[in-house]
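Welcome! Below are some short exercises, each with a worked solution. Have a look at the chains first, then try each task before reading on.

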Amino acid sequence: MKTIRFVLPLLLILSLVLSACGTPAATQSPAQPPAEQPAAGQPASGQEQTQSCGVVELQYWNPFTGPDGPYMGEMVEAFNASHPDIKVTMTSQGEYYTQLATAAAADTLPDVAILHADQIATHVFRNMLRPMDDLVAEMGISSSDYPAGVWAAGEVAGRRYSIPLDIHPMTMFYNADLLKQAGFENPPKTREEFEKIAAALTVGENKGFNITGGFPVMQIFQMLLHQFGGTEFSADGTQATWNSEAGVKALQWMKDAQTKYSEPNLEVDAELNAFKTGTVGMIWNGIWQTTNVTGAGVEFNGVATAVPQIGPQMAVWAGSHQFTLPVHRTVDPCKDRAAAIFIKYMVENSVTWAKAGQIPASNSVRASAEFKAIQPQASIAPSVEYAFFPPAVPGITDAFGPLGEAVGAVMNGTATDIKAALDDAAKRANEILVQNKATYGDAPKAP
Amino acid sequence: MSVAFARKRRISITPYLFILPHLIFFAVFVGYPFFSGLYISFFQYDYLRPEATVFVGLQNYLDLFHAGSVKFIEFWNSVRVTVTFVIWSVPFLVLIPLGLAVLLNSKLKGMKFFRAVFFSPWVLSCAVISLIWWWIFQSQGGLLNYYLKLWGFDTPRWLSTMPYAMISIVVATVWWTMGYNMVIFLAALQDIPTDLYEAAEVDGANAWQRFTRITLPLLQPVLVFIIITTIIASFNLLGQPMMMTRGAPAQPTGGGATEPVMLRIFTEGFVRPFQGSAAAMSVVVALMMMAFSFVNFRLFRQRD
């Protein structure tokens, strides 16, 4: 009896220990059912290339679980309608990179996948992406149609692994009503204007400029770091360099701005929620927040515009969604050709995608009259010329971890010595970069 | 003697057939992963890069004890966070359900209804309760700060400053899981023979004396069980901080002030591709929990 009383709970404990609480947040939502196939027997419309392949089915994955998903679904529908011999099925899901990694293990990766620019090198080194140099040449897509930085993000160890779809820059959102009340017709473009307006709007319960201690403060710091002439990493991605004089200036400015114009210690998204109540003059967040905090999303005149220039030179933080070809154990040339047609179509028709609140990466699409008619995207578009991207080395996003902690700690007041916080974070990031080098090696496995 | 022994050795297959279904699932979903995890903890291992698998011996473990390194700081910070959470949450998760169970064990009307009410949060998923409490604690129009402000109290930033971020997670967890412990306590209370209480009453014992002299001693085995399983459940904290604070606030020395060790292991093994090192962390945590539980059993057994 005694032993049973002892053994049973112990077994139970063992099973609990070993099974740990499941991950809660893995949401899976197959967004937007793709369009119906046009009736069979409808004549193929000039896709000679795929005729010998019959109807090619493509699986297309992306992380667009937000309000941008339906726009992408619309584009896929349009593609399916105009290409009877290709049937694309789109799947949008959360916990995206975990999904991709587990699919890679099971060889169930899709035929086309969207990746963020800073994730491409990592996924190349983890044997999840195929080079697409030949396909890109076949498609007639070239680097000259893209800003240099966004194109370079898809080149790893001398080979091309992606085609940029969009650039999503840091954007300033302002409450035009509050600005007007304080006598300002236009949003600030320079440091002087910004500080003047932010100070003027910080009255009573109102705040001129809200900034949090969580996402996206690190991105704001990166942007200001570049504006003050610094970089996060050495060009070869082996050293963290944000603890430069430029870095200290950037973070000091942010801390001062928080002290003077912002509520302290805001958590992630709190600046957005405060802005939406109409008591905050300006916030900086990703362009993807446009529908959330402007237009019908708010009860005042919320406007999105390009971020101002605080430092001596212009720079804008941005991310980019890019098309990639995932690895399969057996490569089907029919699918690759269909994927090329699909990707080219999506890039050329990315004006629809712009409506979701993104800036098309393609220079020619940005120059089109159709895109120029889309506001506020068109007026923010020039800022993508100043977009910068981290070096295309594997695991680079891990090395940003300590920077996020340092910036967060300074903004939340748990660290007060800015230089020391940045130094310490750089030291830890360098250690991570060494670990990465040791585990990933110098080049991906030969494809 | 030897005859009796031999007779005893004749194994009947029937009981094993009864446990076979569970044994199969246990072996597939718990046994195999456990030993596989133990095995890969000795390798530099990424399941997507089999070509890069290197046997590193105890290196993954040594890294965790290399003071000053990033792995050391992040791992032990997360262990500290988890232990803090255990210390803050377990007393509430034992005492509140015990109190509720004693109250609900009375024969008054409507008790079944309250049992259902107190138990109901437990049927919700981790993500759902985290979201509910996020809405209550968040700083812009969150329910709690709205009322605190209305009544003229301070309005702390519940999700981004310490110790409030930890308090938020503890409150959410207690609300969520107290019903489960309460049901176990209730079942145990109903096993206590009522004649004991009647006899005590005849002897003039008051309610408090009856509780401390009859209820508590007879509940002790269940109490030990609940304390130990609750400690282990609290050790496995993951979803609530993942959803509510995302580990915030960040700590200047590295790691987050509400980043539990399970989240650190997840990050190491799935956000970063260091499954060998993540496995080593899991083994260290499992050993800590086993040691902890062992000590617990010894402690409570001695008092028997």
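## Exercise 1: Domains of chain A

**Task.** Find the residue ranges of the two domains of chain A, domain 1 and domain 2.

**Solution.** Keep in mind throughout that this is a predicted model.

Step 1. Domain 1 of chain A covers 27-37 + 46-164 + 321-360, and domain 2 covers 169-317 + 392-440.

Step 2. Between the C-alpha centres of these two domains of chain A lie 31 Å.

Step 3. Now look at where they touch: domain 1 of chain A brings 15 residues to the contact, and domain 2 of chain A brings 12 residues.

Step 4. On the side of domain 1 of chain A that touches domain 2 of chain A, the elements giving two or more residues are α5 (120-125) and β4 (155-156) of chain A. The most comes from α5(A), with 4 residues.

Step 5. Sorted by class, that side of domain 1 of chain A holds 8 nonpolar, 4 polar and 3 charged residues.

## Exercise 2: One helix and its buried face

**Task.** Work out whether the end-to-end distance of helix α3 (residues 69-82) of chain A agrees with its number of residues, and then find where its buried residues point.

**Solution.**

Step 1. Helix α3 of chain A has 14 residues, and at 1.5 Å a residue it should span 20 Å. The C-alpha atoms at its ends are 20 Å apart, so the two values agree.

Step 2. Next, pick out the buried residues of α3(A): A:M72, A:M75, A:V76, A:F79 and A:N80.

Step 3. Looking down the axis of α3(A), you will find these buried residues within an arc of 135°, so they line one face of the helix.

Step 4. Finally, ask what covers them: the cover includes β1 (56-62), β2 (86-92), α14 (333-348) and α15 (350-355) of chain A.

## Exercise 3: The largest nonpolar core

**Task.** Find which residues have the most contacts inside the largest nonpolar core.

**Solution.**

Step 1. The largest nonpolar core has 191 residues, and A:F221 and A:F342 have the most contacts inside it.

Step 2. The largest share of this core is 11 residues, and they come from helix α4 (residues 70-104) of chain B.

Step 3. Now zoom in on A:F342. With neighbours within four places in sequence left aside, A:F342 is in contact with A:L58, A:F79, A:I86, A:V88 and A:V112. One of these, A:F79, is also among the buried residues of α3(A).

## Exercise 4: Where the chains meet

**Task.** Describe the side of chain B that touches chain A, and say which helix gives the most to it.

**Solution.**

Step 1. The contact joins 50 residues of chain B with 51 residues of chain A.

Step 2. At least two residues each come from α2 (14-40), α6 (126-137), α10 (207-235), α11 (239-244), α12 (261-271) and α13 (275-302) of chain B.

Step 3. α10(B) gives the most, with 6 residues.

Step 4. By class, this side of chain B divides into 28 nonpolar, 16 polar and 6 charged residues.

## Exercise 5: Unusual backbone spots

**Task.** Find which residues a cis peptide bond joins in chain A, and then look at A:E95 and A:D269: is each buried or partly exposed?

**Solution.**

Step 1. In chain A, a cis peptide bond joins A:F215 and A:P216, with omega about 0°. A:P216 sits in the loop between β8 (207-210) and α10 (217-227) of chain A.

Step 2. In chain B, the bond from B:M162 to B:P163 is cis, with omega near 5°. B:P163 belongs to the loop between α7 (143-150) and α8 (164-191) of chain B.

Step 3. A:E95 is not a glycine, yet its phi is positive, at about 45°. It lies in the loop between β2 and α4 (96-105) of chain A. With 16 other C-beta atoms within 10 Å, A:E95 is partly exposed.

Step 4. A:D269, also a residue other than glycine, has a positive phi near 70°. Its place is the loop between α11 (245-261) and α12 (270-276) of chain A. A residue counts as buried from 20 other C-beta atoms within 10 Å. A:D269 has 20, so it is buried.

Note on methods:
Residues are numbered from 1 along each chain as its sequence is written. Chains are lettered from A and ligands numbered from 1 in the order in which they are written. This is a predicted model: local features need pLDDT of at least 70, side-chain atom pairs count only at pLDDT 80 or more; totals for chains, interfaces and linings use all residues. The expected span of a helix is 1.5 Å times one less than its number of residues. A residue is buried if 20 or more other C-beta atoms lie within 10 Å of its own, exposed if 12 or fewer, and partly exposed in between; C-beta atoms are placed from the backbone. The arc is that of the directions from the helix axis to the C-beta atoms. Two residues are in contact if their C-beta atoms, placed from the backbone, lie within 7 Å. Ala, Val, Leu, Ile, Met, Phe, Trp, Tyr, Cys and Pro count as nonpolar, Asp, Glu, Lys and Arg as charged, and the others, Gly among them, as polar. Domain bounds come from an automatic or database domain assignment. A nonpolar core is a set of buried Ala, Val, Leu, Ile, Met, Phe, Trp, Tyr and Cys residues joined through C-beta atoms within 7 Å.
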